[in-house]
Amino acid sequence: MEIRDDRRREPLWRDLIGEVLRRERKAQDRTLQDVADAARISMPYLSELERGRKEASSEILAATARALGLRLSDLVDLAHSRLGEYETPAQPAAARSSVGALGSRDALALAA
């Protein structure tokens with residue numbers, strides 16, 4: 001008997017950030033080169049960030065967010081919202097456990 005797990009896997013943080021960066025850049029109808037220049041990073045590096053191939057430092061994320069007219073907290077909020085799309089309503093109690101007095105969502109936002 002085959003057991004199937006139909007729940008979608010949670011994405012990696014770098015994938016979520018990359019999706020948000022690409023979506024925001026395209027919504028502004030800007031090129032990779034334009035945003036990379038504004039963020040003072042290389043265009044190939046920005047491309048790798050958008051594709052989830054690189055794990056960026058907080059300094060790089062902040063610079064890229066600023067280049068897109070966002071605050072770092074905006075970038076984190078957008079990625080956090082995207083992560084919420086992967087949650088399932090019937091998660092085991094262990095997956096819903098809170099961290100200290102904060103819920104797990106708050107802990108995620110604070111960790112970034």
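1. Arg 51 is a suitable starting point. This residue sits in the loop that links helix H3 (43–50) to H4. Its relative accessibility is 38%, so Arg 51 counts as partly exposed, given that this class lies between the limits of 20% for buried and 50% for exposed. Once neighbours within four places in sequence are set aside, Arg 51 is in contact with Asp 15 and Arg 22. The chain also brings Arg 51 and Leu 21 together in space: they are 30 residues apart along the chain, and 9.5 Å separates their C-alpha atoms. Please keep in mind throughout that this is a predicted model.

2. The overall composition may now be stated. The protein has 7 helices and 0 strands, and the order of elements from the N terminus is α-α-α-α-α-α-α. Of its 112 residues, 31% are buried. Among contacts between residues at least 6 apart in sequence, 62% join residues at least 24 apart.

3. Helix H1 deserves a check of its length. It holds 15 residues, and at 1.5 Å a residue these should span 21 Å; the end C-alpha atoms are 21 Å apart, and therefore the expected and computed values agree. The expected span is 1.5 Å times one less than the number of residues, because the rule counts steps in this way. The buried residues in H1 are Leu 16, Ile 17, Gly 18, Val 20, Leu 21, Glu 24 and Arg 25. These buried residues pack against H2, H3, H4 and H5.

4. Which residues of H4 are buried? They are Leu 61, Ala 62, Ala 63, Thr 64, Ala 65 and Ala 67. The partners against which the buried residues of H4 pack are H1, H2, H3 and H5. After H4 comes Gly 69, with a positive phi near 80°.

5. The loop between H4 and H5 contains Leu 68. Is Leu 68 buried or exposed? Its relative accessibility is 5%, so Leu 68 counts as buried. Apart from neighbours within four places in sequence, the contacts of Leu 68 are Leu 21, Glu 24, Arg 25, Gln 28, Arg 30 and Val 35. Of these, Leu 21, Glu 24 and Arg 25 are among the buried residues of H1. The C-alpha atoms of Leu 68 and Ala 38 are separated by 8.4 Å, with their positions 30 residues apart along the chain.

6. The nonpolar core should be considered next. In soluble globular proteins, nonpolar side chains tend to be buried together. Here the largest nonpolar core has 22 residues, and those with the most contacts inside it are Ile 17, Leu 21, Ile 41, Leu 46, Leu 49 and Leu 75. At least two residues of this core come from each of H1, helix H2 (32–39), H3, H4 and H5. Leu 46 may serve as an example: not counting residues up to four places away in sequence, it touches Leu 32, Val 35, Ala 36, Ile 41 and Thr 64.

7. The second largest pocket contains about 150 Å³ of space. Its lining has 14 residues, and Trp 13, Ile 17, Ala 56, Ser 57 and Leu 61 lie nearest the centre. Two or more lining residues are given by each of helix H1 (13–27), helix H4 (58–67) and helix H5 (72–84). H1 supplies the largest share, with 4 residues. By class, the lining has 8 nonpolar, 3 polar and 3 charged residues. Ile 17 thus appears both among the residues nearest the centre of this pocket and among those with the most contacts in the largest nonpolar core.

8. Two backbone angles call for attention. Most residues other than glycine have a negative phi, and most peptide bonds are trans. Asp 29, however, has a positive phi near 55°. It follows H1 and lies in the loop between H1 and H2. With a relative accessibility of 74%, Asp 29 counts as exposed. Arg 40 is the second case: it is not a glycine, yet its phi is positive, at about 65°. Arg 40 is located in the loop between H2 and H3, and its relative accessible area of 79% is why it is exposed.

Definitions and conventions: Residues numbered from 1 in each chain as written. Predicted model: local features only at pLDDT ≥ 70, side-chain atom pairs only at ≥ 80, totals over all residues. Heavy atoms only, no water. 1 Å grid on protein atoms, 1.4 Å probe; cavity = no way out; pocket = protein on both sides within 12 Å on 5 of 7 lines; lining within 4 Å. Points joined across faces, edges and corners; volume = space filled by probe spheres on them. Nonpolar A, V, L, I, M, F, W, Y, C, P; charged D, E, K, R; others polar. Buried < 20%, exposed > 50% of the residue type's maximum accessible area, 1.4 Å probe, protein only. Contact = heavy atoms within 4.5 Å. Core = buried A, V, L, I, M, F, W, Y, C linked by side-chain atoms within 4.5 Å.
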